[in-house]
Amino acid sequence: MNWFHFFDKTTTTLHHPFGRGINAKLSEDEEELFDKSYEAFENKDILKAYEYFFKSLENFTDEESNENTRTNLTEDKLEFEIFQGCARITGYVSQEHLYAEAIMTKSSSANVSLKRHILDRNYQFTYAYYFMDEEYIKLKLYHDNITMNPQKIFFPLREIALNADFDKEYMKNEFVGIHLEDIEHLEKVDENELQIKYDFMQETIKELDAKIDTLPSNDNDRMQAFFLLNTLYMLDYLLVPKYNIYQKSSKKIQDYFTEENTTMQARNNELRIYINTLKTMDFKDFSSNFYNAKYTFNPTNKVLKEDIDNFINESLLKIRWYKNNRYKQIIPTIYKYISFYIFYNYGINPAMKELLHTLVEIQNPSFFTSLGYTELYNEENESFSKKIIISRIDKIIEPHQTRYKLLEAFGEELNFSSLNEFSNSFYLQIQNLNFEEI
Amino acid sequence: MNTQHILETYIENIIQIMTPYGTGSGFILGNLIITNSHVVAGLKEVVISAKKIKRIIAPVIYDDPYFDLAFIELESLIHPKTILQLSSNVVSDGDTTIAIGHPYGLNYTATEGIVSRASRLQDDLEYIQIDAAINPGNSGGPLLNENGEVIGVNTFIIENANNLGFALPYFYVQEALDAFLVLKKKNIIKCTSCKNLVEEVLIKNDYCYECGVKIETAKLRRKGYKPTGPTKLLEDILSSLDVDVDLSRRSQSSWRIDHGTARIEINYYENGIIIGDSKLCGIPSKNIEKLYDFLLQENAKLSYLQFSINENSIYLSYLIVDSSLTLNEGKTAINRLMEYSNKYDDILIQQYSAIKQKRDEED
């Protein structure tokens, strides 16, 4: 153990969710369990195969199982549960088939718009579909086991889990009076934590307004866009809001990038109006948008390291342009924006995730210290906790070096002269990481 | 005659030709259907349809890649009210032309234009260059003059250029017809090297018995269209359900089956997903929620199939990943899709006032 790990206990003792992933570690035996599942499917030992498969999806926090998947093997059946945010998928596996379902809401409470919505959704799904019984509206999945293997069942289960979670939140937000069913597994977020998050949001929006005021009065749309989008990405990653805030923020971001017929000025304006609604939101209202839950699947699709490198490269070029043209006020924001954008849009490997999260911690010290994390950067005297940062990077890289032989820790290579220089050197080092499996 | 009049007069002569590789046009001339060689794609049989011909399989009895011409035997006795004639008049620059065909599958489209150049040399053949906006699917269709006579066969366009179409002139068509008819034999291929007409039955190992070169068309005709992998499995499933696969095949990865009052479209996508869809009917204007309730309640009972709505139409669908498709499961699911689609469209129309789908009659 590195001596400096001793001073940095927070990574193992505090547990706050950040971003939209599972926020936990997969089992160390994940690959082995997956292979065992494959073998059992080959041998037509279907129930055992599924048992290994569900075990391979289990995730852990500080070596303890989050029980995000549960199974119960009987003589001729394997019953299972999968947790994904506000969705709980239950089902069973027999020798012949798999059946899974998620209870969404009561049939009697569904109005015509919700029914139309779920019938429209049925057309978009590949494996799962909505139906209605006497009591509930449910999303279901039925799959034969004839040609089954773990790769094949992963995607159907991922589809039902991610969409049940997303749609439950969507329904609550979109259709007035809808009461979600089967959400007893959701846990309340601690009041103090909510207060910290609320204060941070207020402070962030106040700073945003002040930053926008510093921009030149004309030709500032692109810079405004960075400020506004960075705010939304940052709030999403750091606060992890659910329900209304999540749904509306996601929609605003999506609209921003898809409404090509409106000007950037108009799109910025839309974001600003929305962010102002967050500013005026009271604490009670804000608090109703949070819960803690277990997750089994990551919602973003994995991307190549090359895609991340390209995005970093393009962003650093933009920074250089702003630097050369003396728009210094935007530079720290773009350095933050890079990580938040990657977290929001890309599925990245665990090492990369931890590294970028460390950078986020360094760039946003007040939020993390208020949650109880070790201070990695002091904003007042502009100093870094250099040794802790270097040790943290070592600690992140080390477990992955058996798999990626050319992966090297880079803490010593970082530039600690200023936060901007640090961020720049950090991204350059991220680009240098070699995830080739030899 | 104006364009509309010409189209109405000769529409029965216009043929749509379909192969697994694409669709094109053709026209009746005597007892033959004239089209391009590239439209029949080296196959011995193609699917044809016309105003008075339901989709049928027809043999390609002459394939001439040199002129890019092919003749299909018109087995059924179709007698268009007004028959098309091959012109014998000289074509001049500035003449008005009408191209008829099925561009992009849009049936019986007539496009007017003028002859930009009556004789444009391409390699060693002359073509009529026209400014009519012809498109993929027009290939093999007739180019007519103002009198409704065939002055050429629409053969190719210059891609990404506006209105640059080329038709093989009538005199080459006449030359090919004369040479073919005098043989009084079927299954004739023109060798692209020596230009001799050779009998397919006498060809050994695809070599031209006159000049000794390999004839690509002979090879393609010998090999035919043979689906493999999941496509083959899908076609085996359809065959086992008494579906005429050759007639239902719309391309290498799509099939259309009419079953009773329902139409089922099966598409196999590049990402490995196979979707069998039946667009049953449109949503009604009254009591819509009751209809939704019915669809969602039926979804509780259905296996393999599901109801959904897309763009105001109600679908009954079967979705599966190619690697999961098996003969038995596929057979059960597609059979159900066919039977239930035929049943549910009536239920939805009669009991829920859903709107019947409009269909292009020749589609």
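## Ground rules

Helices (H or I, at least four residues) and strands (E, at least two) are DSSP runs, numbered from the N terminus. Residues are numbered from 1 along each chain as its sequence is written, while chains are lettered from A and ligands numbered from 1 in the order in which they are written. This is a predicted model, in which local features need pLDDT of at least 70, side-chain atom pairs count only at pLDDT 80 or more, and totals for chains, interfaces and linings use all residues.

## Confidence

The model scores ipTM 0.88 and pTM 0.88. pLDDT is the predictor's confidence in each residue, from 0 to 100. Chain A has a mean pLDDT of 93, and 97% of its residues reach 70 or more. For chain B the mean pLDDT is 93, with 98% of its residues at 70 or more.

Now look at single elements. In chain A, helix α1 (residues 10-13) has the lowest mean pLDDT of the elements, 57, and β8(A) has the highest, 98. Where pLDDT is low, the predicted coordinates should not be read in detail. In chain B, helix α1 (residues 3-10) has the lowest mean, 88, and strand β19 (residues 306-310) the highest, 98.

## A six-stranded sheet in chain A

Six strands of chain A form an open sheet, in the order β4-β5-β6-β7-β9-β8. The pairing is antiparallel. Two strands pair if DSSP finds at least two bridges between them. Which strands stand at the edges? They are β4 (69-73) and β8 (129-132) of chain A. Each has a single partner strand, so one side of each is left without a neighbour in the sheet. On average, neighbouring strands of this sheet are turned by 25° against each other, direction ignored.

At one edge, β8(A) pairs with strand β9 (residues 136-144) of chain A over four bridges, in the antiparallel sense. Here Tyr130(A) stands opposite Leu139(A) in β9(A). Helix α5 (residues 150-174) of chain A lies across β5 (78-84), β6 (87-93), β7 (97-106) and β9 of chain A. α5(A) runs at about 5° to β7(A). Axes are lines fitted to C-alpha atoms, for helices over the stretch in contact, and angles run from 0 to 180 degrees between N-to-C directions.

## Where the chains meet

Two residues are in contact if their C-beta atoms, placed from the backbone, lie within 7 Å. By that rule, 18 residues of chain A are in contact with 23 residues of chain B. On the chain A side, α4 (112-124), β8 and β9 are the elements that give two or more residues. α4(A) gives the most, with seven residues.

What is the class make-up of this side of chain A? There are nine nonpolar, three polar and six charged residues. Ala, Val, Leu, Ile, Met, Phe, Trp, Tyr, Cys and Pro count as nonpolar, Asp, Glu, Lys and Arg as charged, and the others, Gly among them, as polar.

## Two unusual loop residues in chain A

Arg326(A) has a positive phi of about 60° although it is not a glycine. Arg326(A) lies in the loop between α11 (305-324) and α12 (331-345) of chain A. A residue is buried if 20 or more other C-beta atoms lie within 10 Å of its own, exposed if 12 or fewer, and partly exposed in between; C-beta atoms are placed from the backbone. Arg326(A) has 7 such atoms within 10 Å, so it is exposed.

Glu382(A) also has a positive phi, near 50°, and is a residue other than glycine. Its loop lies between β10 (377-378) and β11 (383-384) of chain A. Glu382(A) counts as exposed because it has 10 C-beta neighbours inside 10 Å.

## A covered strand in chain B

Strand β18 (residues 273-282) of chain B is mostly covered, with seven of its ten residues buried. β18(B) pairs with strand β17 (residues 262-268) of chain B over five bridges, in the antiparallel sense. Tyr268(B) stands opposite Ile274(B) in that pairing. The hairpin of β17(B) and β18(B) has four residues between the strands, and Gly272(B) takes a positive phi near 95° there.

β18(B) also pairs with strand β20 (residues 313-321) of chain B, antiparallel, over nine bridges. Ile273(B) has Val321(B) in β20(B) as its bridge partner. Two bridges join β18(B) to strand β21 (residues 355-356) of chain B, again antiparallel. Gly282(B) stands opposite Ile355(B) in β21(B).
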